Amino acid sequence: MSYLEKINCPKDIKHLSIAQLEALASEIREAILKRDSTIGGHVGPNLGIVEATIALHYTFNSPQDKIVFDVSHQCYPHKMLTGRKQAFLNEEDMQKISGYTNQDESEHDFFKVGHTSTSVSLACGLAKARDLKGESHNVIALIGDGSLSGGEALEGISNAAVLNSNIIVIVNDNEMSIAENHGGIYNNLRLLRETNGQAECNMFKALGFEYHYVKDGNDIAELIETLNKVKDTQHPVLVHIHTLKGKGYKYAEENQEKWHWNVPFDIESGKEKIQFSGENYNDITAEYLLNKVSQDNKVVVISAGTPGAFGLTPERREKLGQNYVDVGIAEEHAVAFSSALAKGGCKPVFMVWSSFLQRTYDQLSQDLAINNNPAVILTYAGAISSMDVTHLGCFDIPLVSNIPNLVQLAPTAKEEYVAMLDWALEQKEHPVIIRVPTTVFHTQEKVETDYSRVNSYKTVQEGKDVAIIALGSFFNLGRQVSNELEKHNIRPTLINPRYTTGIDKDALNSLKKSHQIVVTLEDGILDGGFGEKITRFYGDSSMKVLNFGAAKEFVDRCPLEELYAKYHLTPRQIVEDILAINK
């Protein structure tokens, strides 16, 4: 029997020798590759943190001692040591756990964390609560993999340094973020690595931490020795460990950016089992921006540490040259930076996932919208989805559409998307957010090139009795509903609203003449969303309004088909609801 099969809780590793722990590390790596190669997942971050996780659980006593993971895609080894190994060994169990820490799964997890730079702040809270209750245990924050560049990480570290009690911060320095690191913080980490932690210029010591450096963060014995030194220390301590992202798997070591996360793959060859083909908005946008930069040096493309998610490959980044800026994992800075670039006469394009845009609300309002600077933000994965609860992209419309001055556009097809992007880059009147569609559709209809008449809707099909206002990526759903209604001798009006940030009063008033029902479709939550604006407009009239979208709730890895059925978002269900109210 292998060592891993005998591990059911952290106590089970405490009697093992260093040689046995090293053998366990090899088995954990095999299990990571087995799960990731079967269902996909984070590869490099987890392979690199194996020894550190073993050392943490060998030295400390979880869950009495509390370990908080940052960018918790580093938590696979932790899960295996805390009773969840079957999700890595048995294919039928692999989908039963999250890829992130989740307190619903285990007493050894304290938070659901999928975004980055949060661990030190969370650890500070746990430590303060411990102190107020007169308890005594260790609180450990594991941060790294690029997360030090996030604003919350710096706020947390600044506060932890003056806690005056036990808090241990482990900085996992693998010389990478998702892509390469960016920011002056990483210059100091490099200096500390090059001097074996002895450099006089040490930002952690300057803040007030007791500092320790582990040159080989994949050496279990060295890690255990250092952690034993800092265990139970009654003041803030920072342990800087140098690890290898992707350790133990050739392909992940050689191409660390690509292997940060991967779809299912063949372990032997590294070839992906899923091949993507056809048009996608990553390639469409990246090639568009490359062409734009070649014509206009004022265009600046910005990423917050996730360039590969948007098709900004290393080759494309090299071609963009000085017109590409990666600010590191720092979305808040990216928004303010974009606003100032626009003020300075440039044409910034910040590319960001919808779930990460949530972190920038204050900057969207204060730094961008109040100043009304014409920056462009492209929001990806803004949709109802089957993602982990920490990465849901269905909340951006309420967040964005209710900030004054911001214009959010929701294109329905590739041609419309490109036209909107052209307009957004050249206009000077508004900050513009474009909700990048999830699927590429084409239109044969002529698309407008000027969107300066904000909140003007486009009627695509004239009808009567029923009007369907189908927003953005749900416009194709609107067409399907329209076709189904025609089978019931109802030819509806079909409207592409284009804007999420307001209503077209003239268009909505005109519907009162020959329509009794207005249907809104949006790929996001209903509460505070687009459809509610339409409902409020018709509140004092006899018009009946049906809003279709998602409920305001956190869902976790729920299949999209189930969500659509639950929310009545299939063409059949929508038509049934319309016919029921039309009796």
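Here are some notes on strands, aromatic pairs and one buried arginine in this predicted model.

1. Start with strand E3, residues 139-144, which is mostly covered: 6 of its 6 residues are buried. Val139, Ala141 and Ile143 point one way from the strand, while Ile140, Leu142 and Gly144 point the other way, and all of them are buried. That fits the usual pattern, as side chains in a regular strand alternate between the two faces of the sheet.

2. Now for the partners of E3. Strand E2 (residues 66-69) pairs with E3 in the parallel sense, over 4 bridges. Strand E4 (residues 167-173) also pairs with E3 in the parallel sense, here over 5 bridges. Leu142 is a handy residue to click on: Phe69 has Leu142 as its bridge partner in E3, and the bridge partner of Leu142 in E4 is Ile170. To get from E3 to E4 the chain crosses through helix H8 (residues 151-160), and this β-α-β crossover is right-handed.

3. Further along there is an open sheet of 6 strands, in the order E9-E8-E10-E11-E13-E12, with parallel pairing. Its edge strands are E9 (324-326) and E12 (407-409), each of which pairs on one side only. On average, neighbouring strands of this sheet are turned by 20° against each other, ignoring direction.

4. Within that sheet, have a look at E10 (residues 347-353) and E11 (residues 376-380), which run parallel and are joined by 5 bridges. One residue to check is Val352, whose bridge partner in E11 is Thr379. Helix H15 (residues 331-343) lies across E8 (299-303), E9, E10 and E11, and runs at about 160° to E10.

5. Next, the aromatics. Searching the whole structure turns up 15 aromatic pairs. One of them is Tyr249 with Trp259: the ring centres are 5.4 Å apart and the planes sit at 80°, so this pair is edge-to-face. Tyr249 is in the loop between strand E6 (236-242) and helix H12 (250-254), and Trp259 is in the loop between H12 and strand E7 (261-262), so the pair ties together parts that are 10 residues apart in sequence. Both Tyr249 and Trp259 are buried. The pair also belongs to a wider group, as Tyr249, Tyr251, Trp259 and Phe265 form one aromatic cluster.

6. Arg35 deserves a glance too. This arginine lies over the face of Tyr76, at 5.4 Å from the ring centre. Arg35 also lies over the face of Phe88, at 5.2 Å from the ring centre.

7. Last, Arg84, in the loop between helix H5 (76-81) and helix H6 (86-89). Is this loop residue buried or exposed? Arg84 has a relative accessible area of 6%, and the cut-off for buried is under 20%, so Arg84 counts as buried. Which residues does Arg84 contact, leaving aside its neighbours within four places in sequence? They are His78, Lys79, Ile97, Asn102, Glu105, Ser106 and Asp109. There is a long-range link to look at as well: Cys9 is 75 residues from Arg84 along the chain, and the C-alpha atoms of the two are separated by 9.0 Å.

Notes: Residues numbered from 1 in each chain as written. Predicted model: local features only at pLDDT ≥ 70, side-chain atom pairs only at ≥ 80, totals over all residues. Heavy atoms only, no water. Phe/Tyr/Trp six-rings, centres within 6.5 Å; stacked < 30°, edge-to-face > 60°. Helix = DSSP H or I, 4+ residues; strand = E, 2+ residues; numbered from the N terminus. Buried < 20%, exposed > 50% of the residue type's maximum accessible area, 1.4 Å probe, protein only. Lys NZ or Arg CZ within 6 Å of the ring centre and 35° of its normal. Pairing = 2+ DSSP bridges. Right-handed = clockwise from strand over helix to strand, strands pointing away. Axes fitted to C-alpha atoms, helices over the stretch in contact; angles between N-to-C directions. Contact = heavy atoms within 4.5 Å.
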